[in-house]
4 protein chains.
Amino acid sequence: MIVVMKAGASEKQINTVVKRVELDGFATRLVQGTERTIVCVLGDGRPKEGRIYEVLDGVEKTTRVLRPFKLTSREMQPMDSTVPLNGVQVGEPEIAIIAGPCSVESREQLLETAHAVKEAGAIALRGGAFKPRSSPYSFQGMGEEGLKILAEAREQTGLPIVTEVMAPELVPLVGEYADVLQIGARNMQNYDLLKAVGKSECSVLLKRGLMSTIEELLMSAEYILSGGNKNVMLCERGIRTFEKYTRNTTDINAIPVLKDLTHIPVILDPSHGVGKWAYVAAVARAGIAAGADGLIVEVHPHPEEALSDGAQSLKPEKFAELVQQVRAIAASIGRN
Amino acid sequence: MIVVMKAGASEKQINTVVKRVELDGFATRLVQGTERTIVCVLGDGRPKEGRIYEVLDGVEKTTRVLRPFKLTSREMQPMDSTVPLNGVQVGEPEIAIIAGPCSVESREQLLETAHAVKEAGAIALRGGAFKPRSSPYSFQGMGEEGLKILAEAREQTGLPIVTEVMAPELVPLVGEYADVLQIGARNMQNYDLLKAVGKSECSVLLKRGLMSTIEELLMSAEYILSGGNKNVMLCERGIRTFEKYTRNTTDINAIPVLKDLTHIPVILDPSHGVGKWAYVAAVARAGIAAGADGLIVEVHPHPEEALSDGAQSLKPEKFAELVQQVRAIAASIGRN
Amino acid sequence: MIVVMKAGASEKQINTVVKRVELDGFATRLVQGTERTIVCVLGDGRPKEGRIYEVLDGVEKTTRVLRPFKLTSREMQPMDSTVPLNGVQVGEPEIAIIAGPCSVESREQLLETAHAVKEAGAIALRGGAFKPRSSPYSFQGMGEEGLKILAEAREQTGLPIVTEVMAPELVPLVGEYADVLQIGARNMQNYDLLKAVGKSECSVLLKRGLMSTIEELLMSAEYILSGGNKNVMLCERGIRTFEKYTRNTTDINAIPVLKDLTHIPVILDPSHGVGKWAYVAAVARAGIAAGADGLIVEVHPHPEEALSDGAQSLKPEKFAELVQQVRAIAASIGRN
Amino acid sequence: MIVVMKAGASEKQINTVVKRVELDGFATRLVQGTERTIVCVLGDGRPKEGRIYEVLDGVEKTTRVLRPFKLTSREMQPMDSTVPLNGVQVGEPEIAIIAGPCSVESREQLLETAHAVKEAGAIALRGGAFKPRSSPYSFQGMGEEGLKILAEAREQTGLPIVTEVMAPELVPLVGEYADVLQIGARNMQNYDLLKAVGKSECSVLLKRGLMSTIEELLMSAEYILSGGNKNVMLCERGIRTFEKYTRNTTDINAIPVLKDLTHIPVILDPSHGVGKWAYVAAVARAGIAAGADGLIVEVHPHPEEALSDGAQSLKPEKFAELVQQVRAIAASIGRN
């Protein structure tokens, strides 16, 4: 950490900063520039909130030198981690495609979709039984009944289940049915929930919050890893920006950045990223071209009747085309 | 709701939309413009996700006519609601000032602060016992022990307690000690938590998510009101924007907008809104001038030793000045 | 256009709106919903600022039905337009790659780069002679001398020149040397400049402002097309968001959206989009996979000595690799 | 400037950075932390683009220590500067209120407004003769004829004229009629224009770009000051964010921040900041409470007939109320 003093900070002010920092157990080095003095703080300051020194007289700002995350960092673990999913090791060259409806709406709807996405090439089935909805008047999901339908679909198709868990006390219940617990964007910083899935046996798909930074995503993953669960996948799903023609803005940059900063596999959700079915395939192709390890795509046999996210859901035949295109892209960059 | 057809949409496409909408129980009216046809959907479409019709062939977009919220709307209840807090009715002309440290760190720290903010003019005490922290390596709060210290401070000073609750299953515990349950920004869309506080006897201070629109804030309040709890206060606390010189961007516009759209009282948190103690008083004054019903301000007797948010905490003497300034502003616009 | 009245708007208020709209030469249709009345405005309201009706008593909001752009719209011209560039028709399946340094810094630097990018597969040379710099203390470009060096490079390599023009009165001078006039992001809404290039014989590369919506980009293109110049290419180059790990956020969604809304070719600038050389190739691949018609890439033989944008410039050998990767992607989606 | 090396950077890499920095004429100091080495760069690095060192092997990132602006900085000039305007020194305690229509539309409209705003307490008249409009089909302003009408209004009322200039070559013409040249938000980084007004005798009102940072605003002011023109006022007018209920988000934080960072007077434009007339007075009050030195407000006698910005224009009687409210606020904080 570096503490930048104001131009004209007095010797007494500088000394106060030095003493305060040393009281916290760090060593210091002073560097006197032409206009400003900086106090370099030596030692692992990650647990420390650096901004606190900004309250001292004569301090202009503080700047972090170390990255705030550890276990998720590629510095700590240079080799890619992989997460097993239906015979694929997500994070290895083979691309993992997860697909299914936004919500489980009925047994018929889910089974129909499950068979269709399997045939098209998906290796896992997504579907929400517990749904976070911004309106209390909207469909809130089928709950445990939905989980049972998901389990039946797995039995019929062999596809493992990816489904959202929204509260810490539901982790055991959802974990009984699911193969992969999804943490939704709105819960990326629900720390009690992160701690709970950190102790689960299930793999975790952690979605980036729609206004969370890449660093914050990695810090949330840090909660899960430090809880003991190493089977984590990160999911870029679009961020909120001023552009409103699309539902969100897919942060395509985040894919190479994450692959650089962390060893954890990275999945793209083009459906939420763009929010309109007609653009989903283009964004999915972009994600694989940029280096994503897989995709999670919303598919519904009758999108116009979907209880949620119909506008961004692909019909099975469009999804099958997407899989073909994405495989061609993957092959062209040496993946399969 | 309005469904705008593409230029050149066929009669058949239009008919399909009409039939689909009517199947959902709505009446329709067609309006034929020079370039496009629009289908007006008649009836209360709030529970319905309008975007779903965008999946039909020939549809360009859908637009909502009704506001998505009801119970929180001033249309539903034109008169201001008020929330009782230590003899003040928040929402009436008298300004409510809540103050205290970010976290409860020790008995000494909290009691010292409680007496200081009371003397300066605060009518309630804030302080976090359970803390959401972006890093698993940061101080996570004192938990129930912190709640007990808060209760002792109330006993000594008579100030009611405002404290955060982070998980649905903790609502009974925190509610046993608190007067006002705070929903933090990161939990504004934690719907299980909103449902839980909707059934609590305590008042609720609902903070706007740093990524949430004004409408989404009102939809979250709708969850609480529809659960039966009418003692809700909204809190603007700054949103995340591209500007990084300050921690967040205080959305001052939100104050008159909220006072227009809803009958619920509006509180401003200038400490998180700007993130640096030196600017807190100016933003606090602005909030009251813009029509806020109160303030929630971080105060710490020794900010340079705070375990969280020290950089944005005021010392008690600075807070006392702020109270004087804010009272002068309030008086100048006919409040007290 | 649609005017949504407030719940409880009086008949008199509705009549006033109707009269006011008709005074502007439009026909109207009233639609009475369960809670609100809407006034449909019939006729081409593009030249009209619809928000003006919001000032009338009883009006809640106005909503546009027609898209604000015409000449740039695919509705107007369903077939792709193409722009000739060194034997390629940009907009046809063949991918166009433009490359070169941010600024012309010297004759040696530019000629070395020109030969290198040609060899690697670029079909045009970029390089700035007039540079918009946020600091008055930074290098401001070589001016006309830089243009002469660009012309010499064209003579040696045959590569056409893409270079920025910053002021209307410089359009004739820059147009004398350039093949393609670049409008930089900061000037996307410099309307006098748009009008000036609208009358030029040169092709135009219009970069999206870092703060501009897709619609605003199309409206700026509309200025150029309505001036008579049809050889326009649009360039996505990243937008400003809250994410600060990268310099900008490449709006990958914008590529399929633009290809849908307009017939004008779309180019991606991955260098500004991500801002760090190590991530440029991944984002370039993503752009082509998403459907971009070409790329504009910053290349510098000695990035650590560049006078601007060194951090995001590729060395020629890295650029050559990028071209290979991008060609493989293009081939995999049926382009070349 | 500080160059942070990657964890595990080799001695050779560190030496290369040191040599490269010293080649640029700076001294260096190495500080060896527990995980990383930092290279402190000593000397005035403002003209230098620090990011360039990020291209060197082993470098993680660079961080600026000095503020990039000089002449605009309060460090350089601790005392407030003031700009004379109709007998007021803007920047001194007296509040300066500028008002008038968005555009000059006719002689009658402007003269009526000029008299009305004068009577209500404005000390200067705003009005655009050259208008930047996002659509080529919208009203583009009356041009020089509008300037003549403004001059006539000044003659009749004694109010000085604030009007926008959009292109460098128009500075002499507009300067002939205007007292204060306004640089609009879209032109905040039109550097040729900034250089041109830097040489003008007129005062300058520099509006913040709708997606420009506070630092970028100060850098643009630096262009004007370094050109020799010291009569500059800064204007906060709202930034673009994800919140779309209002036209922009007034960055109220920017007011105390600017008053801290610079000696230049700060004006607030609440009309563009919020975009709806009903909320303008609240935001205007907030601006003065936060420490702004003045306001610029859109007033139109018949907003429903305005050719631009009608929705955010106040009628003269509402403006007169606003002036009263704002004066009361100013008095309550010791201004007048």
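## A tour from the rotation axis to the barrel

Start by selecting B:Met211: among the residues of chain B, its C-alpha comes closest to the rotation axis, at 2.5 Å. You are looking at a predicted model, in which local features need pLDDT of at least 70 and side-chain atom pairs count only at pLDDT 80 or more, while totals for chains, interfaces and linings use all residues. Residues are numbered from 1 along each chain as its sequence is written, and chains are lettered from A and ligands numbered from 1 in the order in which they are written.

**Chains A and B.** Now show both chains. A turn of 180° and a shift of 0.0 Å along the axis lay chain B on chain A with an RMSD of 0.1 Å (superposed by least squares on the C-alpha atoms of residues with pLDDT of at least 70 in both copies). The two copies are thus related as by a two-fold rotation axis. Of the interface residues of chain B, 98% are also interface residues in chain A, so these copies meet through the same surface.

**Chains A and C.** Next, bring in chain C. Chain A superposes on chain C with an RMSD of 0.1 Å, by a rotation of 180° with 0.0 Å of shift along its axis. Select A:Ala286 here: of the residues of chain A, its C-alpha comes closest to the rotation axis, at 2.0 Å. Chain A shares 97% of its interface residues with the interface residues of chain C, so the copies meet through the same surface.

**Chain A by itself.** Hide the rest for a moment. Chain A has 10 helices and 14 strands (DSSP runs numbered from the N terminus: helices are H or I, at least four residues, and strands are E, at least two). Its C-alpha atoms fill a box of roughly 75 × 45 × 40 Å along the principal axes. Of its 336 residues, 63% count as buried, meaning that 20 or more other C-beta atoms, placed from the backbone, lie within 10 Å of a residue's own.

**The barrel in chain B.** Switch to chain B and colour strands 7-8-9-10-11-12-13-14, a closed barrel of eight strands with parallel pairing (pairing takes at least two DSSP bridges between two strands). Neighbouring strands are turned by 25° against each other on average, direction ignored (axes are lines fitted to C-alpha atoms, for helices over the stretch in contact, and angles run from 0 to 180 degrees between N-to-C directions).

Zoom in on strand 8 (residues 124-126) and strand 9 (residues 161-164) of chain B, which run parallel and are joined by two bridges. Which residue stands opposite B:Arg126 in strand 9 of chain B? Select B:Val162 to see the partner. Finally, add helix 3 (residues 144-157) of chain B, which packs on the sheet and touches strand 8 and strand 9 (contact means C-beta atoms, placed from the backbone, within 7 Å). The direction of helix 3 makes about 165° with that of strand 9 of chain B.

Note on methods
Contact = placed C-beta atoms within 7 Å. Buried ≥ 20, exposed ≤ 12 C-beta atoms within 10 Å, placed from the backbone.
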